[in-house]
Amino acid sequence: MIELRTPGEIDALRAAGAVVADMHAAVHALAAPGVRLTELDAVARQVLADAGATSPFLGYAPLHSTPPFPGVLCLSVNDVALHGIPTSQELEDGDLLSVDAGATLDGWVGDAARTYPIGAPRPEDIQLVETTERALAAGIAAAVVGNKIGDISAAIGAVGRAGGCGINTDQGGHGVGRSMHEAPSVPNEGRAGRGLTMRAGLVIAIEPWFLAGGSDDYRVDADGWTLRSADGSRAAHVEHTVAVTADGPRILTAPR
């Protein structure tokens, strides 16, 4: 069931989203060559604790065959596109890091992701990140009353394909509210004019993740979580939680 949120509920979702933005700021400030992924997860845990929030990621286990997720962040490095586990791996100069963070505050959820280089950036990584960020902006711009979910999907996909990126629709955007994953699904490619008609009060996570090699294929590690590009090419993932309002899209996970 798809629930539409009241203005007061959207404000509460914004409060959760602000915590997510603070998590990203703290992680970005710490992320550097030689820093372990577990250290990034620890600083994000402290932000949650200071805000009186909890993590919708920690212990998440949507499938009986998948172990509970052990961190409050998904930390995906280089060819890892999604759901990277915070391990003792040290970041290296030239790595490309994707950070996906979530927070639950007073029963409401925020969810957002960023990708950025560690140390000296590779030009091709900058291009990949910029393409993915443009796709996110295009998807958000399409999140208006009267448009269809397919308009968001088509906008994201058009940017990604023009940039030569691989796009897979097995994982994508979703509704956000009292839980992290709610209806509707928001694929990263699709046909304009198709799908659910958006109404004021709809809250969704829009999250393009692109594969630099151009192939749409991926594989999952034995841990059941870590999703990698099949061809070993690098990946980028960016995301905001967005409310559809009568005044246009409102980004709920923007920095304070």
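The paragraphs below lead through a predicted model, moving from a helix to a helix pair and then to individual residues of the backbone and loops.

Helix α1 covers residues 7-30, and because a helix of its 24 residues at 1.5 Å a residue should span 34 Å, the separation of 35 Å between its end C-alpha atoms agrees with that expectation. The buried residues of this helix begin with Ile10, Leu13 and Arg14, continue through Ala16, Gly17, Ala18, Val19, Val20 and Ala21, and are completed by Met23, His24 and Val27.

Two packed helices are described by the angle between their axes and the distance between the axes. For helix α3 (residues 123-141) and helix α4 (residues 149-162), the angle is about 160° and the axes lie 8 Å apart. Angles over 145 degrees count as roughly antiparallel, and α3 and α4 are therefore roughly antiparallel to each other. The crossing in which α3 passes α4 is right-handed. On the α3 side, the contact is made by Thr131, Arg134, Ala135, Ala138 and Gly139, while α4 contributes Ile152, Ala155, Ile156, Val159 and Gly160. Sorted by class, the residues in this contact of α3 with α4 are 6 nonpolar, 3 polar and 1 charged.

Arg122 is found in the loop between β4 (108-117) and α3. With a relative accessibility of 37%, Arg122 counts as partly exposed, because that value falls between the limits of 20% for buried and 50% for exposed. Leaving aside residues up to four places away in sequence, Arg122 touches Gly94 and Arg234. The C-alpha atoms of Arg122 and Asp95 are separated by 8.7 Å, although these two residues are 27 residues apart along the chain.

Some details of the backbone also deserve attention. Most residues other than glycine have a negative phi, and most peptide bonds are trans. Asn78, which is not a glycine, nevertheless has a positive phi of about 60°, and its place is in the loop between β1 (73-77) and β2 (80-82). Asn78 counts as buried, because its relative accessibility of 17% is under the 20% limit. His83 is likewise not a glycine and has a positive phi of about 65°; it lies in the loop between β2 and β3 (96-105). As for the peptide bonds, the one from Ala183 to Pro184 is cis, with omega near 5°, and Pro184 itself is placed in strand β7, which covers residues 182-186.

Key. Residues numbered from 1 in each chain as written. Predicted model: local features only at pLDDT ≥ 70, side-chain atom pairs only at ≥ 80, totals over all residues. Heavy atoms only, no water. Helix = DSSP H or I, 4+ residues; strand = E, 2+ residues; numbered from the N terminus. Expected span 1.5 Å × (residues − 1). Buried < 20%, exposed > 50% of the residue type's maximum accessible area, 1.4 Å probe, protein only. Axes fitted to C-alpha atoms, helices over the stretch in contact; angles between N-to-C directions. Parallel < 35°, antiparallel > 145°, perpendicular 65-115°, else oblique. Left-handed = near helix turned anticlockwise from the far one by under 90°. Contact = heavy atoms within 4.5 Å. Nonpolar A, V, L, I, M, F, W, Y, C, P; charged D, E, K, R; others polar.
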